Amino acid sequence: MRAAIISERNAPPAIGDFPEPQPKDGCVLIDVDTAGLGGWDVLGAYRLGVGYPCVIRGEGVGRNADGQRVYFGERSVQPWGAWAERTLVPVEEVWAVPDDVDDRTAILMGIAATGALVPLESAKVQAGESVLVLGATGTLGQLGLQLARILGAGRVIGAARSATALAHLKENGLADDVVQLGGADDAAALKTAGGAGFDVVLDLVCGAPLLAALKATRWGARIVTVGTGAGRQVHLDMADLLFRTLSVIGTGQRPPADRQQIWRRLLGMSREHGLQVPQAEYAFEDAARAWSDQKAGPHAKITARVRR
Ligand SMILES: NC(=O)c1ccc[n+]([C@@H]2O[C@H](COP(=O)([O-])OP(=O)(O)OC[C@H]3O[C@@H](n4cnc5c(N)ncnc54)[C@H](OP(=O)(O)O)[C@@H]3O)[C@@H](O)[C@H]2O)c1
């Protein structure tokens with residue numbers, strides 16, 4: 001079958017022939033229609049424990065043996081994944097897609113929206129509070145801004161590096177204000193935007209932006225870290241933590257039944273509030289370009305049509 005194959009650690013994917021998965025107890029064979037790509041796929045592909053060659057894992061929508069449309073998360077049995085004509089997924093990770101939900105929405109409300117909603121709900125955003133999203137121009141970031149508002153936030157502020165992508169956040173009404181990171185004094189810029197201080201920080205990047213944001217929070221602020229694109233290690237001054245509460249959130253570690261229930265709730269929120277993120281659709285044959293664009297930060301949700 002055709003698949004986007006990673007042949008060794010740090011190699012980009014290439015389209016080629018890959019052995020089809022065979023039936024296995026407790027797993028579902030899926031003919032893939034649409035595959036999605038996110039920051040976590042790129043970070044996870046070269047981790048210790050990944051065997052090569054393997055298919056890009058991704059998440060996707062396809063059809064089971066009964067022809068039913070199903071969503072499956074990034075739990076394909078290795079070495080298979082969403083970026084292939086067929087994949088094999090544990091049964092508890094395969095969820096029926098409602099007829100009124102298109103493939104791209106089903107994928108967007110999966111890992112990305114779950115990864116934004118769970119930390120925001122853990123932070124218990126209160127009505128009128130101010131929320132800062134670090135890494136706001138990415139997929140999770142744009143969803144995080146919208147979800148923070150739905151949860152009752154008063155002001156939502158987005159911070160990232162790309163001036164163009166930040167400007168879009170304001171033009172589209174996703175953010176009340178934006179802060180461009182990477183300047184001479186990011187902490188000062190965030191403090192100016194934060195006024196009396198942020199109540200909640202949804203941190204999707206960690207590293208230096210997290211340290212700068214800590215200084216722009218008010219006492220009692222909740223800081224939830226989900227991603228590490230700006231660095232996994234930080235040199236933390238404990239004075240910046242006193243009186244604040246810091247959580248690190250791994251949404252993928254939740255039981256599948258919990259994640260399915262969150263995904264269904266998000267499909268409802270998407271219907272009701274029209275959650276939106278720019279979509280970047282690639283030809284399946286362009287998997288290598290999709291991969292490098294995801295690494296560079298596409299400011300959009302990447303998907304590819306797998307079934308011709
Ligand atoms: N814990 C979980 O369960 C969970 C679940 C899902 C996702 N995640 C993680 O969440 C993160 C975000 O995912 P995503 O798909 O939204 O990624 P993404 O599309 O790459 O977005 C990340 C954004 O962060 C900004 N950024 C990157 N490096 C930065 C830096 N050094 N300083 C400031 N801003 C920076 C980029 O915007 P600019 O180009 O504008 O700077 C980019 O748009 C990833 O690390 C992913 O692994 C975690």
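Which residues is leucine 202 in contact with, leaving aside its neighbours within four places in sequence? The legends below begin with that residue, in a predicted model.

**View 1. Leucine 202 and its contacts in the nonpolar core.**
Leucine 202 is in contact with Ala116, Pro119, Leu120, Val131, Val133, Gly144, Ala148 and Val224, once neighbours within four places in sequence are set aside. Leu202 belongs to the largest nonpolar core, which has 96 residues. Val55, Val131, Leu132, Leu134, Ala159 and Leu202 touch the most other members of this core. Helix α3 gives the most to the core, with 7 residues. Both domain 1 (2–108 + 278–305) and domain 2 (112–248) supply at least three residues each. In soluble globular proteins, nonpolar side chains tend to be buried together.

**View 2. The shell around the ligand.**
The ligand is surrounded by 33 residues. The closest are Gly39, Gly115, Gly135, Gly138 and Gly227. Four elements give two or more residues to this shell: α1 (39–44), α3 (111–122), α4 (139–150) and α7 (207–214). By class, the shell has 18 polar, 14 nonpolar and 1 charged residues. Where does the ligand lie relative to domain 1 and domain 2? Both domains give residues to the shell, so the ligand lies between them.

**View 3. Domain 1 against domain 2.**
The domain assignment splits the protein chain into domain 1 (2–108 + 278–305) and domain 2 (112–248). Their C-alpha centres lie 29 Å apart. Across the boundary, 6 residues of domain 1 are in contact with 9 residues of domain 2. On the domain 1 side, the touching residues are 4 polar, 1 nonpolar and 1 charged.

**View 4. The open sheet of β2, β1 and β4.**
Three strands form this open sheet, in the order β2-β1-β4. The pairing is antiparallel. Strands β2 (14–17) and β4 (54–55) are the edges, and each pairs on one side only. Strand β1 (residues 2–6) is joined to β4 by 2 bridges. One residue pair to pick out is isoleucine 5 with its bridge partner valine 55 in β4. Val55 is also one of the core residues that touch the most other members.

**View 5. Strand β16 and its partners β3 and β15.**
Is strand β16 (residues 301–305) mostly covered or mostly uncovered? Strand β16 is mostly covered, with 4 of its 5 residues buried. Strand β3 (residues 27–37) pairs with β16 in the antiparallel sense, over 4 bridges. Here the bridge partner of alanine 35 is alanine 304. Strand β15 (residues 279–283) pairs with β16 in the parallel sense, over 5 bridges. For alanine 280, the bridge partner in β16 is isoleucine 302. In a regular strand the side chains alternate between the two faces of the sheet.

**View 6. Threonine 34 in strand β3.**
Threonine 34 lies in strand β3. Why does threonine 34 count as buried? Threonine 34 has 23 other C-beta atoms within 10 Å, and a residue is buried if 20 or more lie within that distance. Not counting residues up to four places away in sequence, threonine 34 touches Gly60, Val61, Asp103, Arg104, Ile107, Thr303, Arg305 and Val306. Arginine 271 is 237 residues away along the chain, and its C-alpha atom is separated from that of threonine 34 by 20 Å.

Key
Residues numbered from 1 in each chain as written. Predicted model: local features only at pLDDT ≥ 70, side-chain atom pairs only at ≥ 80, totals over all residues. Near = placed C-beta within 6 Å. Nonpolar A, V, L, I, M, F, W, Y, C, P; charged D, E, K, R; others polar. Domains from an automatic or database assignment. Pairing = 2+ DSSP bridges. Core = buried A, V, L, I, M, F, W, Y, C linked by C-beta atoms within 7 Å. Buried ≥ 20, exposed ≤ 12 C-beta atoms within 10 Å, placed from the backbone. Contact = placed C-beta atoms within 7 Å.
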